[in-house]
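The following paragraphs lead the reader through a protein structure, one group of residues at a time. Please keep the sequence and the model in view while reading.

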Amino acid sequence: MTVPLAPYLPHWQVATYVLDPPLTARSGQSFFLLSVLLLAIFVTAIILGGSLLTWQTHRNMVSAQQKTSFVSNVSHELKTPLTSIRMFAELLQEDRIKDPTKKAHYLKVIVAESQRLTRLVNNVLDFSRLEQGRKKYHLKEIEISGYLRYILETQRLRVQEAGMVLDTRIPETGYKVHSDEDAIEQVLLNLLDNAWKYTSDGKRVALTARRDGASVAIEVRDNGIGLSRRQARRVFDRFYQADQR
């Protein structure tokens with residue numbers, strides 16, 4: 001291709017030559033493919049980013065709903081012992097109960113409900129400490145058989161009031177563990193609470209302690225509705241509560 005420069009530069013011409021036409025075509029094709037590739041990467045990044053944002057938003061919503069349910073359940077659980085304590089305390093304060101046996105019974109109920117209230121508050125405080133990484137355990141050697149019997153003895157009145165049948169299989173002596181007493185009591189009472197709350201009409205709960213190699217296994221069983229496999233996989237998720245079936 002030539003272009004004359006006359007009349008400014010007579011007899012002058014500017015010429016361009018294509019030395020390798022296939023190379024030029026390949027360069028154009030490479031540029032097109034590179035543009036398509038960059039566009040595909042850009043679109044993919046937008047889709048992945050949007051999907052991640054949607055997933056995170058859904059996760060936050062589920063977490064918020066679970067926290068709301070957790071607070072609602074805790075509030076209900078706190079209200080129940082407070083109502084019992086107030087009712088029986090007012091009866092005793094007004095001296096409306098003359099029978100010494102009934103007075104002693106009401107006092108036992110107040111003490112038992114106070115212990116339950118303390119346990120619920122400790123659960124909430126422990127959850128807060130776990131969330132902040134400040135939970136500390138005080139480990140020591142515990143004779144587990146005697147300690148389990150002590151815990152169950154503190155719950156005797158609750159068992160009687162609920163009309164429950166508690167079957168225990170605890171060895172006499174010899175089982176020692178290195179653990180935290182408060183943690184064992186908290187876990188055991190939470191399991192018993194759930195068993196009593198969700199068991200069926202039979203209201204029978206079994207507690208078993210047995211040696212499992214170098215450890216001691218403590219089992220709490222009831223005849224309640226149980227959990228599906230999907231629910232069992234999430235049993236240790238924060239704020240998770242299985243749907244009623």
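In this predicted model, arginine 210 has a relative accessibility of 36% and therefore counts as partly exposed, since that class lies between under 20% for buried and over 50% for exposed. The side chain of arginine 210 meets that of glutamate 219 in a salt bridge, with 2.8 Å from N to O. Glutamate 219, at 23% relative accessibility, is likewise classed as partly exposed. Beyond this pair, Asp95, Lys98 and Lys103 are joined into one network by salt bridges that share partners.

One link involving members of that network can be described in detail. Lysine 103 forms a salt bridge with aspartate 95, and their closest N and O atoms are 3.6 Å apart. Lysine 103 is partly exposed, with a relative accessibility of 29%, and aspartate 95 is also partly exposed, at 38%. In general, side chains of opposite charge can pair when their charged atoms come close.

A further salt bridge connects arginine 86 with glutamate 90, where the closest N and O atoms are 3.0 Å apart. Where do arginine 86 and glutamate 90 lie? Both belong to helix α1, which covers residues 21-93, and they are 4 residues apart, about one turn of the helix. Arginine 86 counts as exposed because its relative accessibility is 60%, and exposed residues are those over 50%. Glutamate 90, at 33%, counts as partly exposed. Over the whole structure, a search finds 8 salt bridges.

The account now turns to helix α5 and the residue that precedes it. Aspartate 180 is located in the loop between strand β5 (176-179) and α5. Is aspartate 180 buried or exposed? Its relative accessible area is 6%, so aspartate 180 is buried, the limit being under 20%. The side chain of aspartate 180 makes two contacts with backbone nitrogens at the start of the helix. A side-chain oxygen of aspartate 180 comes to within 2.9 Å of the backbone nitrogen of aspartate 182, and the side chain also reaches the backbone nitrogen of alanine 183 at 2.9 Å.

Helix α5 itself spans residues 181-198, a run of 18 residues. From its first C-alpha to its last it reaches 26 Å, close to the 26 Å expected at 1.5 Å a residue. Its buried residues are Ala183, Ile184, Gln186, Leu188, Leu189, Leu192, Asp193, Ala195 and Trp196. Ala183 thus appears twice in this description: it is buried, and its backbone nitrogen is the one that the side chain of aspartate 180 reaches.

How does α5 meet its neighbour? Two packed helices are described by the angle between their axes and the distance between the axes. Helix α3 (residues 144-154) packs with α5 at an angle of about 50°, and the axes are 11 Å apart. The two helices are therefore oblique to each other. In passing α5, helix α3 makes a right-handed crossing.

The last stop is glycine 226, in the loop between strand β7 (215-222) and helix α6 (229-233). Which class of exposure applies to glycine 226? With a relative accessible area of 41%, glycine 226 is partly exposed. The C-alpha atom of glycine 226 is separated by 8.5 Å from that of tyrosine 198, although the two residues are 28 residues apart along the chain. Residues 181-198 form α5, and this separation therefore relates the glycine 226 loop to the helix described above.

Technical notes
Residues numbered from 1 in each chain as written. Predicted model: local features only at pLDDT ≥ 70, side-chain atom pairs only at ≥ 80, totals over all residues. Heavy atoms only, no water. Expected span 1.5 Å × (residues − 1). Buried < 20%, exposed > 50% of the residue type's maximum accessible area, 1.4 Å probe, protein only. Polar contact = N/O pair within 3.5 Å; in protein donor to acceptor, adjacent residues only side chain to side chain. Salt bridge = Lys/Arg side-chain N within 4 Å of Asp/Glu carboxyl O. Axes fitted to C-alpha atoms, helices over the stretch in contact; angles between N-to-C directions. Parallel < 35°, antiparallel > 145°, perpendicular 65-115°, else oblique. Left-handed = near helix turned anticlockwise from the far one by under 90°.
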